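Here are my notes for you to read alongside the model. Take the points one at a time, and find each residue on screen as you go.

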Amino acid sequence: MNIEASHITAPPVPRNLDATGLSNVLMRDILLKTMFRMSITKVTELSRTICLPIPQTIELIDLCRSEKLIEAMATLSASAQSEANFQLTDSGKARALDALSQSEYYGAMPVPMPMYEAQIRRQSIRDIQITRRQLKIAMGDLILPPTLMDDLGPAVSSGRSILLYGPPGNGKSSISNGIRAAMGDRIYVPRAVMHAGQIISVYDPIVHTVAESSEDNPSLLRQTGNRFDNRYVYCERPTVITGGELTLDMLDLKFNPVSRTYQAPLQLKATGGVFIIDDLGRQEEPPQAIVNRWIVPMEMNYDILALQSGEKFVVPFDTLVIFSTNFHPNDIFDQAALRRIFYKIKIDGPDQSDFLKIFAMVAKKRKMPLDEETIIYLIQKKYPTIKNVYANYQPVFLIDQMIAICDFEGKSRHMSPELIDRAWKNMFVQQETIAR
């Protein structure tokens with residue numbers, strides 16, 4: 001299911017260099033560094049690399065030629081200017097090296113922070129309205145009680161923080177991913193943004209999934225074929241998932257002292273999408289400290305980052321934060337922290353009826369024939385030993401265990417009480433004293 005993105009206004013293509021919001025000196029230096037580091041000579045390739053339309057790229061080249069930093073490698077004709085070759089002069093190489101000594105950043109022109117903020121407002125996650133049908137489709141084969149959908153729907157549509165809690169193995173992670181899938185639409189992610197002359201890389205191919213590209217048409221010399229500003233990438237709404245490995249410094253701006261460039265923190269990369277903190281309570285930092293880090297962003301819709309110099313600055317925060325934990329909220333948070341999380345939703349295990357539906361659905365997917373005697377044995381003999389506590393992960397676990405045994409022993413796939421016993425032994429480890 002996809003929601004059409006026509007309601008989202010694309011970042012406009014800059015019609016001239018002034019419309020980029022960047023200084024000519026900054027753009028000049030990035031162009032020179034790009035040509036020096038990548039040995040690019042063609043206008044079309046330069047346009048694609050620095051993410052400016054061909055007319056503006058030519059305008060920038062002309063500016064550098066007037067300063068004797070770039071020279072033509074062949075005679076120009078008006079009809080072939082976009083395919084002409086250029087190279088750095090000795091002065092251009094010297095200027096490129098000087099610029100590289102200050103910052104190794106080259107390639108795509110950055111987006112000034114005010115322009116980025118304006119684009120975020122145009123594609124805010126808080127403007128999304130999810131219907132029950134969209135959410136149900138996005139959850140796929142998950143069998144969820146109707147009351148849970150009643151709680152999830154308003155929470156997702158609000159774009160506010162959500163805490164999913166409950167016993168392990170009942171699909172909290174799958175529900176979190178289903179929430180992202182329900183959004184379905186696409187946004188524009190900047191390749192890099194700029195604040196106070198510092199460039200911060202944002203687009204990350206690990207986090208962002210490209211939906212469509214937009215490139216200038218080389219045959220249109222003084223026009224533009226771009227549908228949007230190529231300093232952005234048209235992407236699915238991003239999803240960042242962290243678990244027990246999350247540390248608070250992952251939420252800080254990353255400075256590379258060798259290249260003298262910045263990398264956006266995880267929550268900035270997740271802007272316009274979902275940030276899932278899974279297995280809350282398993283991190284090195286206590287859950288209270290992790291939630292405390294999110295209080296200002298969640299309440300004020302902005303975050304505060306710090307440059308290497310110590311200067312702090314504000315960035316927009318437009319992210320749906322989902323906390324997921326196996327602990328009871330009262331055991332890991334104080335009431336002040338809980339008050340800041342807008343929706344608290346308990347994810348319980350299935351009842352017997354839903355468990356059997358899940359078991360039958362998994363068996364069908366795995367092409368495992370159902371056996372009534374085996375199912376009765378499972379329900380009447382095995383589950384009473386654990387006080388009839390069912391979990392969503394158990395059907396998959398038990399059936400996959402039985403399949404593995406059948407395949408190893410060269411038998412056709414089938415169910416039996418004996419196979420259930422063998423699978424059950426792997427699902428639960430009995431408490432015992434181990435001799436040392």
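1. Let's begin on the outside. R121 has a relative accessible area of 58%, and because anything over 50% is called exposed, R121 counts as exposed. You will find R121 in helix α5, which covers residues 113-122. Now look across to Y302: the C-alpha atoms of R121 and Y302 are separated by 12 Å, although their places lie 181 residues apart along the chain. Please keep in mind throughout that this is a predicted model.

2. For a contrast, turn to T374. Is T374 buried or exposed? T374 is buried, because its relative accessibility is 1% and the cut-off for buried is under 20%. T374 belongs to helix α14, residues 372-382. The side chain of T374 makes a polar contact of 2.6 Å with the side chain of D371. The T374 side chain also reaches the backbone oxygen of M415, at 3.5 Å. Setting aside neighbours within four places in sequence, the residues in contact with T374 are M415, S416, P417 and I420.

3. Next comes a sheet. Five strands form an open sheet with parallel pairing, in the order β10-β13-β16-β4-β17. Which strands stand at its edges? They are β10 (239-242) and β17; each has a single partner strand, so one side of each is left without a neighbour in the sheet. On average, neighbouring strands here are turned by 15° against each other, direction ignored.

4. Let's walk through the pairings in this sheet. β10 pairs with β13 (residues 274-277) in the parallel sense over 4 bridges, and T242 stands opposite I277 of β13. Strand β4 has parallel pairings with β16 (residues 320-325), over 4 bridges, and with β17 (residues 343-346), also over 4 bridges. To trace these by eye, use the bridge partners: Y165 goes with T325 in β16, and I162 goes with Y343 in β17.

5. Two helices pack on this sheet. Helix α7 (residues 146-158) touches β4 and β17, and the direction of α7 makes about 150° with that of β17. Helix α10 (residues 287-300) touches β13 and β16, and the direction of α10 makes about 160° with that of β16.

6. Strand β4 is worth a closer look. In a regular strand, side chains alternate between the two faces of the sheet. In β4 (residues 162-165), I162 and L164 are on one side, while L163 and Y165 are on the other. Are these residues buried or exposed? All four are buried, so both faces of β4 are covered.

7. Strand β5 (residues 186-190) makes a useful companion case. How many of its 5 residues are buried? The count is 4, and the strand is described as mostly covered. β5 pairs with β9 (residues 232-236) in the antiparallel sense over 5 bridges. In that pairing, R186 stands opposite E236 of β9.

8. There is another open sheet of 5 strands to find, with the order β3-β6-β7-β12-β11 and mixed pairing. Its edges are β3 (111-112) and β11 (254-256); each has a single partner strand, so one side of each lacks a neighbour in the sheet. β3 pairs with β6 (residues 192-195) in the parallel sense over 2 bridges, and the partner of P112 in β6 is M194.

9. Now for some helix pairs. The axes of α1 (residues 24-38) and α2 (residues 43-50) come within 11 Å and cross at roughly 110°. Why are they called roughly perpendicular? An angle of 65 to 115 degrees counts as roughly perpendicular, and α1 and α2 are therefore described that way. Their crossing is right-handed. L31, T34, M35 and M38 of α1 make the contact with L46, T49 and I50 of α2.

10. Finish with α13 (residues 352-365) and α15 (residues 393-408). Their axes come within 9 Å and cross at roughly 40°, and the two helices are therefore oblique to each other. The crossing of α13 and α15 is right-handed. On the α13 side, the residues that meet α15 are F355, I358, F359, V362 and A363. Their counterparts in α15 are Q394, P395, V396, I399 and M402.

Terms used:
Residues numbered from 1 in each chain as written. Predicted model: local features only at pLDDT ≥ 70, side-chain atom pairs only at ≥ 80, totals over all residues. Heavy atoms only, no water. Buried < 20%, exposed > 50% of the residue type's maximum accessible area, 1.4 Å probe, protein only. Pairing = 2+ DSSP bridges. Polar contact = N/O pair within 3.5 Å; in protein donor to acceptor, adjacent residues only side chain to side chain. Contact = heavy atoms within 4.5 Å. Axes fitted to C-alpha atoms, helices over the stretch in contact; angles between N-to-C directions. Parallel < 35°, antiparallel > 145°, perpendicular 65-115°, else oblique. Left-handed = near helix turned anticlockwise from the far one by under 90°.
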